[in-house]
Amino acid sequence: IAFSGNGPSGICLSYLLSGYTPYFKRESLHPHPILQRKLEEAPEVSILDQDLDYLSEGLEGRSHSPVALLFDALQRPDTDFGGTAESVLTWWHEPDRAIPHLVLGRNAPGGAWHSIEGSMVTLSRGEWMGLPDLPFKEWLKQKRRGLRNNRATAEDIAQYYQHYVMKKGLQKNFKCGTVVTSVRKVSAESISNHTQKDLQENCDSLWNSNEQSTEVFQVDGFFKTLEGDKEPFSMYAENVVLATGTYDSPTWLGVKGENLSYVHHQLSALEEAVKTNSIGIMSDPVLIVGAGLTAADAILFAHHCNIPVIHVFRRRVSDPGLIFNQLPKMMYPEYHKVHQMMKEQTAACAGPYECYISLPEHHVLSFGKDKKCIIQDKNGCQKAYKISMALVLTGSNPNLSFLPNNGIDLAMNSDQPVNPKRNPIDVDPFTYECAQEKGLYALGPLAGDNFVRFVQGGALAVASSLLKKANKNPP
């Protein structure tokens, strides 16, 4: 089995496929009485071998995935109500149930968490960032650190994921510095007997010898060596798991001049410009486009450095779909502050915040070579602003260029590109296998699960399905 992507989804699935098996802890009491009754019916049967549809029936929460809600409820029974009840799971290592697999990723284990500015604070509570059987809070305590406002920094999270892989002995399954360039189905007969023999002898084999299988996936790509060379590889797997996340490809506005050198699509460009002193207090304003949390992080960063900001976004400030209107004020004081600035500091009425102008219900028409940007309001009125740089932070899309037709055929709506919020990959809710391509699985944001807390249920579903296929479920 090959996975593309080594973030939290890939790490969690590797743990479950390495023989680590969750059982209901017999003396536990779950606050959800119906779930408790179901768990007591067969405590000797691992959760992986039970009917996930039956166990998750009737659960409600902040995810649309029943299995995500189930695994979250088992690990953090009353967390949504501010409780700290312990997990009702106990983990047993059953090496004979391990399934050979390889996790391919560009970075160290942790995926995109290594690309995020280290001091950024997570949106989710710190304990929600943890993986099975190694609570994040406990790991942080060992570092003699606490959680700020119940939340963690991106640097902490990235280090924790690396530590998790080492602590659980999963590193032999991880191949870092890997770029996958193609995943496609080929007939098993087309692979030479010599290649099949090699694959079966290799202890890290991706090959499960199965007489019935007539087609396998060919996975091509390259490893980046320490010398900076690219070493090509080609491997075969009966099952492939897509866990690449969505950090790869920032969304563009599609307007004239967007490819000019002063227009950027990642927050790191602003951090770099401040570091090199190419912008500062006396510069023309930085234009920030977008009304999500990355745009808010950019505003907070600029505000902290006293850099003037013009903030453009399409929605009304009171729009219930705006993320700020969904966050509890107490837990997220800094985002609440940005929301307040967006409300009180519009171009029409000056507010208490210096160096910041909010332009709700506006959009960018074009960027000029002279660093002048044309912005239009909802009534069609246009205005030019002189800026020092622009940050377009309106979300990102997964890069699925390694799949036939960019993976579009796998999406819920096969006329549109895959998008984690609007058009995820169409998967079976209890196995996470792609509806359009058997043997191919999708996890995390690709399947519509956008929080670390909930991606783990997808890993449970995939592991349960793969164990059944490999006949590694006990009778």
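Trainee: How many of the 475 residues of the chain count as buried?

Mentor: Of the 475 residues, 53% count as buried. The word applies to a residue with under 20% relative accessible area. Keep in mind that this is a predicted model.

Trainee: And what does the chain expose?

Mentor: About 22,600 Å², with carbon and sulfur atoms supplying 50% of it. As for secondary structure, the chain has 11 helices and 22 strands.

Trainee: Let's try one residue. Why is Asp96 called exposed?

Mentor: Its relative accessible area is 63%. Exposed means over 50%, so Asp96 earns the word with its 63%. You can find Asp96 in the loop between strand 3 (89-93) and strand 4 (102-105).

Trainee: How far is the C-alpha atom of Asp96 from that of Gly19?

Mentor: The two C-alpha atoms are separated by 6.8 Å, while Asp96 and Gly19 are 77 residues apart along the chain. For the chain as a whole, take the contacts between residues at least 6 apart in sequence: 68% of them join residues at least 24 apart.

Trainee: Now the helices. What makes helix 4 roughly perpendicular to helix 11?

Mentor: Two packed helices are described by the angle between their axes and the distance between the axes. Here the axes of helix 4 (residues 66-75) and helix 11 (residues 452-469) cross at roughly 110° and come within 7 Å. Angles of 65 to 115 degrees count as roughly perpendicular, so helix 4 and helix 11 fit that term.

Trainee: Which residues meet there?

Mentor: From helix 4 they include Val67, Leu69 and Phe71, and from helix 11 they include Phe454, Leu460 and Ala461. The residues of this contact divide into 7 nonpolar, 3 polar and 2 charged.

Trainee: Let's turn to a sheet. What is the order of the strands in the open sheet of 3 strands?

Mentor: The order is 17-18-19, and the pairing is antiparallel.

Trainee: Why do strand 17 and strand 19 stand at the edges?

Mentor: Strand 17 (362-367) and strand 19 (382-386) each have a single partner strand, so one side of each is left without a neighbour in the sheet. From one strand to the next, the twist averages 30°.

Trainee: How do you know that strand 18 and strand 19 pair?

Mentor: Pairing requires at least two bridges between the strands. Strand 18 (residues 372-377) and strand 19 have 5 bridges in the antiparallel sense, so by that rule they pair. As an example, Gln376 has Gln382 in strand 19 as its bridge partner.

Terms used: Residues are numbered from 1 along each chain as its sequence is written. This is a predicted model: local features need pLDDT of at least 70, side-chain atom pairs count only at pLDDT 80 or more; totals for chains, interfaces and linings use all residues. Side-chain values use heavy atoms; hydrogens and water are left out. Helices (H or I, at least four residues) and strands (E, at least two) are DSSP runs, numbered from the N terminus. Buried means under 20% relative accessible area, exposed over 50%, partly exposed in between (1.4 Å probe, protein chains only). Contact means heavy atoms within 4.5 Å. Accessible areas come from the Shrake-Rupley method with a 1.4 Å probe; for residues, only the protein chains shown count as cover. Axes are lines fitted to C-alpha atoms, for helices over the stretch in contact, and angles run from 0 to 180 degrees between N-to-C directions. Angles under 35 degrees count as roughly parallel, over 145 as roughly antiparallel, 65 to 115 as roughly perpendicular and the rest as oblique. Ala, Val, Leu, Ile, Met, Phe, Trp, Tyr, Cys and Pro count as nonpolar, Asp, Glu, Lys and Arg as charged, and the others, Gly among them, as polar.
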